[in-house]
Structure formats: C-alpha cells, structure tokens
Amino acid sequence: MDVSIVISTYNRCELLEPALQAMFSQTHRDLNFGILVVDNNSSDQTRPLVQSLAAQNPEKLKYLFEPKQGLSYGRNTGIANARASIIAFTDDDVRVGRDWVYQIKTAFEANPEIDFLGGKVVPRWHTAPPSWLTAAHWSPLALLDYGEERFLVDANRQLCLIGANFAFRRRAFERVGLFKTDFQRVKDGIGSLEDHEMLLRLWHANRCGLYLPELVVTAEIEPERMEKEYHRRWHAGHGRFYAALHSDEIERTKVGRIFGVPAHLYRRAFKDALGWTLGSIRNRPDVAFAHEVRLHYVGGFFRRRWQDFFSRRGSRQPIVVKSRPHD
C-alpha cells in the first residue's frame with residue numbers, strides 16, 4: 001500500500017460523507033491507498049454511514065472505533081492500524097483535492113530526506129465572512145496558506161503545518177513517538193496543540209518536513225466559527241494549552257516569573273489592554289478585536305499557570321521539626 005489515510009471523527013456524519021466521497025474521487029487510479037475512519041465514540045449515525053460505504057469500497061475503506069475521547073487517541077488508533085509506510089491525516093469537515101494522494105506520494109519519493117509534509121487548507125464559505133474575519137484570524141478556523149513556493153519546515157524555520165492536511169513517514173513516529181494526549185482536542189474543545197507539539201518533537205530530533213503549496217484541501221467553515229465569541233473561546237483555550245506546553249518560545253525570559261508566568265507576558269497583556277482600549281476609542285474595531293483576542297490568549301495562559309502555581313504551593317507539606325530530648 002502506498003498511503004494510509006487516517007480520519008478521526010466525532011458526531012459529524014453529515015460532513016464526513018462528502019469528505020469520504022472526495023477521497024474516492026482521486027484521479028490517479030493506479031495508486032494503492034486505504035482510508036481508516038476512526039469513530040471517536042460518536043453518538044450519531046457515523047458507524048452505519050461508514051460501514052455502508054465500506055461495504056461498497058471494501059479495499060479502500062475501513063471502520064475503526066476508539067472509545068477514549070480525544071483527537072490524539074483517534075489518530076494513534078489509526079496509526080496502529082495503518083499498513084503503509086506513509087500515513088496521511090485529514091479531518092471530517094475537509095474535502096481533499098483530486099490529486100491529493102498522488103501529491104503526497106510523489107513528494108515523499110522526490111524528497112527522501114523529509115519525514116513529514118503539509119499543504120494549504122483553504123476555506124469553503126457557506127455565507128460571506130464578516131469584514132473583520134481576515135487572514136489574520138485564520139488560526140481558529142484551522143486554515144493555512146504560506147504562499148506558492150515550496151520550502152523546508154525545520155528547526156530553522158518553525159512554521160506549523162496542521163492536521164487537516166498533513167502526512168508523515170512511519171519512521172517519524174518510530175523516532176519521536178505518537179501524538180500526545182495532553183494537548184489534544186476533546187469532543188468540541190478548541191484551541192488544542194497536538195499538531196504543534198508533534199512538530200516541536202520532530203524539530204528537536206533534527207527532522208525536517210516540506211510545505212507543499214500544490215497539496216490543497218478545502219475546509220467547511222461552519223457559521224459558529226464566523227462569530228467573535230468562537231474566536232474569543234479559541235484563543236483562551238489556546239492560551240491554556242500553551243501554558244501546559246512549556247515551549248522554549250514562551251518560557252524564555254530575562255526577568256523571571258511571577259506566579260509561574262514569564263514576566264514578559266504581563267508586559268504583553270498590558271500592551272494589548274491598551275491597544276484594545278485605544279482601538280475602541282478611535283473607532284477601529286478591527287484593531288481593537290486583534291488586541292482583544294490576544295488578551296483572551298494570555299488570560300487563558302495566566303489562569304492555567306496561576307492554578308498550577310497555587311495548587312503546588314497549597315500541596316506542600318509543612319516541615320515538622322521534632323524536638324530533641326534533653327541530655
């Protein structure tokens with residue numbers, strides 16, 4: 001088998017079917033690939049849908065069930081059942097291009113030094129997005145576009161590729177391990193870091209990947225994701241996950257920490273609070289909202305770190321000094 005494709009899904013059978021039909025519509029018929037759909041404890045019609053499609057495509061599609069809730073659990077189950085040396089990932093709300101599998105296979109063949117690759121994730125809008133929803137706010141939508149040039153992604157150029165359009169050689173997992181469950185999306189949780197955390201381990205192991213602009217998928221943008229409240233919640237969740245990650249990028253500080261938080265983040269919070277206020281006063285809602293979501297990020301970070309800091313202090317056992325008997 002050339003490529004094993006893993007899709008972890010939870011209660012999205014209405015989106016999953018067109019995603020699978022796009023998989024079946026690959027134009028290069030000579031490719032030998034298999035699709036593993038991992039049902040992550042869904043309560044909708046996911047199981048009968050996938051089993052029905054698998055009966056029609058027994059050589060291409062396999063249904064798996066993973067009862068442990070979380071995206072990393074689902075992906076890791078897919079990896080354990082994959083037969084190919086190349087394992088690709090996409091999401092249940094994504095439609096891959098008609099040459100998607102071919103692009104993955106040929107890029108790995110042409111670049112034996114790389115361990116992973118990823119490409120563009122572009123939006124499919126059901127309604128026109130609001131004016132404030134520019135490319136600067138694409139992260140909560142899991143969209144990605146780094147332009148039209150190929151480039152290596154490694155420790156010297158740490159740009160994040162995302163799981164909606166991501167592929168690995170099996171040897172990458174043998175080298176650094178599977179997806180960590182501490183940083184995963186669970187059910188409808190948002191702001192998770194499972195992709196970035198995996199990349200950090202690969203970069204630390206001196207492994208490199210490739211950004212492939214011709215590898216394109218389209219993501220369905222649900223109406224909820226075009227609301228500001230969703231973006232506020234995503235950034236707050238992202239901050240909480242970053243607080244747990246302890247990445248060098250955030251933790252590096254010349255001043256020290258206050259209640260477990262690197263001091264530079266307090267300065268950043270003050271600047272964003274000022275920018276939010278000035279943007280509102282000057283009737284610049286786009287500027288104000290950009291500062292506001294960054295405040296939600298540091299707010300989520302602060303809450304997680306403060307909780308950890310004070311819980312550690314509270315759990316310290318008092319030192320008991322036993323008196324010595326008199327001589």
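Ser8 counts as buried because its relative accessibility is 7%. Buried means under 20% relative accessible area, exposed means over 50%, and partly exposed lies in between (1.4 Å probe, protein chains only). Ser8 sits in strand 1, which spans residues 3-9. Helices (H or I, at least four residues) and strands (E, at least two) are DSSP runs, numbered from the N terminus. Leaving aside neighbours within four places in sequence, Ser8 is in contact with Val38, Asn40, Leu71, Gly74, Arg75 and Asp92. Contact means heavy atoms within 4.5 Å.

A word on the source. This is a predicted model, in which local features need pLDDT of at least 70, side-chain atom pairs count only at pLDDT 80 or more, and totals for chains, interfaces and linings use all residues. Residues are numbered from 1 along each chain as its sequence is written, and side-chain values use heavy atoms, with hydrogens and water left out.

Now step back to the whole protein. Its secondary structure comes to ten helices and eleven strands. The C-alpha atoms fill a box of roughly 85 × 70 × 40 Å, taken along the principal axes. Of the 327 residues, 51% are buried. The protein exposes about 16,600 Å². Carbon and sulfur atoms supply 50% of that area. Accessible areas come from the Shrake-Rupley method with a 1.4 Å probe; for residues, only the protein chains shown count as cover. Next, take the contacts with a separation of 6 or more. Residues 24 or more positions apart account for 80% of them.

Follow the chain on from strand 1. Asn11 lies in the loop between strand 1 and helix 1. Its phi is positive, about 55°, although Asn11 is not a glycine. Most residues other than glycine have a negative phi. Asn11 has a relative accessible area of 25%, so it is partly exposed.

Helix 1 comes next. How do helix 1 and helix 2 cross, at what angle? The axes of helix 1 (residues 13-24) and helix 2 (residues 46-56) come within 10 Å and cross at roughly 20°. Axes are lines fitted to C-alpha atoms, for helices over the stretch in contact, and angles run from 0 to 180 degrees between N-to-C directions. The two helices are therefore roughly parallel to each other. Angles under 35 degrees count as roughly parallel, over 145 as roughly antiparallel, 65 to 115 as roughly perpendicular and the rest as oblique.

Look at the residues where these helices meet. Helix 1 brings Cys13, Leu16, Glu17, Leu20 and Gln21. Helix 2 brings Thr46, Leu49, Val50 and Leu53. By class, this contact has six nonpolar, two polar and one charged residues. Ala, Val, Leu, Ile, Met, Phe, Trp, Tyr, Cys and Pro count as nonpolar, Asp, Glu, Lys and Arg as charged, and the others, Gly among them, as polar.

Further along is Ala84. This residue is found in the loop between helix 3 (71-81) and strand 4 (86-89). Is Ala84 buried or exposed? Ala84 is buried, because its relative accessible area is 1%. Not counting neighbours within four places in sequence, Ala84 is in contact with Met1, Asp2, Val3, Ser4 and Arg170.

Trp138 belongs to another loop, the one between strand 6 (116-125) and strand 7 (151-153). With a relative accessible area of 18%, Trp138 is buried. Apart from residues up to four places away in sequence, Trp138 touches Pro123, Leu143, Leu144 and Asp145.

Move on to helix 6 (residues 194-204), where Leu200 lies. Leu200 counts as buried, because its relative accessibility is 13%. Which residues does Leu200 touch, not counting those up to four places away in sequence? They are Gln158, Leu245 and Ser247. The C-alpha atoms of Leu200 and Asp92 are separated by 25 Å, and the two residues are 108 residues apart along the chain.

After helix 6 comes a loop that leads to strand 9 (209-221), and Asn206 lies in this loop. Asn206 has a positive phi, near 60°, and is a residue other than glycine. Its relative accessibility is 67%, so Asn206 counts as exposed.

End in strand 9, the place of Leu212. Leu212 has 0% relative accessibility and so counts as buried. Setting aside neighbours within four places in sequence, Leu212 is in contact with Gln103, Ala107, Gly118, Gly119, Lys120 and Arg150.
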